Amino acid sequence: MKRIKFIVLVVAAFFAATTSSFAQTYTISPSDTVIVNSIFGIEEELVISQINNTAGTIQIKYQKIMADVPSLWEAVLCDNQNCFPLLPLSGTMNVLAGHSGYLSVHCTAYTNPGTAVIRYAIWDANTPNSKDTLTFIMNVST
């Protein structure tokens with residue numbers, strides 16, 4: 001009986017240790033998908049924040065999964081440290097303890113109606129196997 005209790009305690013301790021070591025270091029806000037309906041000529045900013053849940057600085061990496069942007073539209077990406085003239089393939093940003101990082105897509109439809117869909121994978125550099133997908137969608141109709 002003591003041996004069974006010991007085995008159960010060892011297994012429980014193992015699961016508790018592995019669960020806490022893979023805990024997410026950031027929280028996504030407002031959600032992993034942002035959708036906006038817009039009109040021609042208006043620049044929309046679609047923002048998804050990553051709130052640091054740790055007591056230290058985390059390094060968040062991101063990589064473009066796909067970007068389907070109608071012709072004659074403009075789409076650029078900013079993170080909490082840089083704005084890029086286009087949608088970069090990848091990047092890295094540091095997020096201080098108690099602060100938020102973010103990815104924001106600035107999108108403008110100049111002439112034709114349509115839908116832009118842009119997706120980025122994000123993850124903490126220390127836990128590259130735990131990735132999230134952020135999706136930015138902008139709809140413009142006539």
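Is Asn52 buried or exposed, and what is its relative accessibility? In this predicted model, Asn52 counts as buried because its relative accessibility is 6%, which falls under the 20% limit for that class. Asn52 belongs to strand β3, which covers residues 43–52. The side chain of Asn52 reaches two backbone oxygens, that of Gly56 at 2.8 Å and that of Leu96 at 3.2 Å. When neighbours within four places in sequence are left aside, the residues in contact with Asn52 are Thr25, Thr57, Ile58, Val95, Leu96, Ala97, Gly98 and His99, so that Leu96 appears both in this set and as a backbone partner of the Asn52 side chain.

A second buried position is provided by Ala75, whose relative accessible area is 12% and which lies in strand β5, residues 73–79. Beyond its neighbours within four places in sequence, Ala75 is in contact with Val69, Leu86, Leu87, His106, Cys107 and Ile118. Between Ala75 and Glu44 the C-alpha to C-alpha distance is 9.6 Å, although 31 residues separate the two in sequence.

Two loop positions carry backbone features of their own. Leu72, in the loop between β4 (58–68) and β5, has a phi near 70°, a positive value in a residue other than glycine; with a relative accessible area of 58%, Leu72 is exposed. In the loop between β1 (26–29) and β2 (33–38) is found Pro30, and the peptide bond leading from Ser29 to Pro30 is cis, with omega near 5°.

Key: Residues numbered from 1 in each chain as written. Predicted model: local features only at pLDDT ≥ 70, side-chain atom pairs only at ≥ 80, totals over all residues. Heavy atoms only, no water. Helix = DSSP H or I, 4+ residues; strand = E, 2+ residues; numbered from the N terminus. Buried < 20%, exposed > 50% of the residue type's maximum accessible area, 1.4 Å probe, protein only. Contact = heavy atoms within 4.5 Å. Polar contact = N/O pair within 3.5 Å; in protein donor to acceptor, adjacent residues only side chain to side chain.
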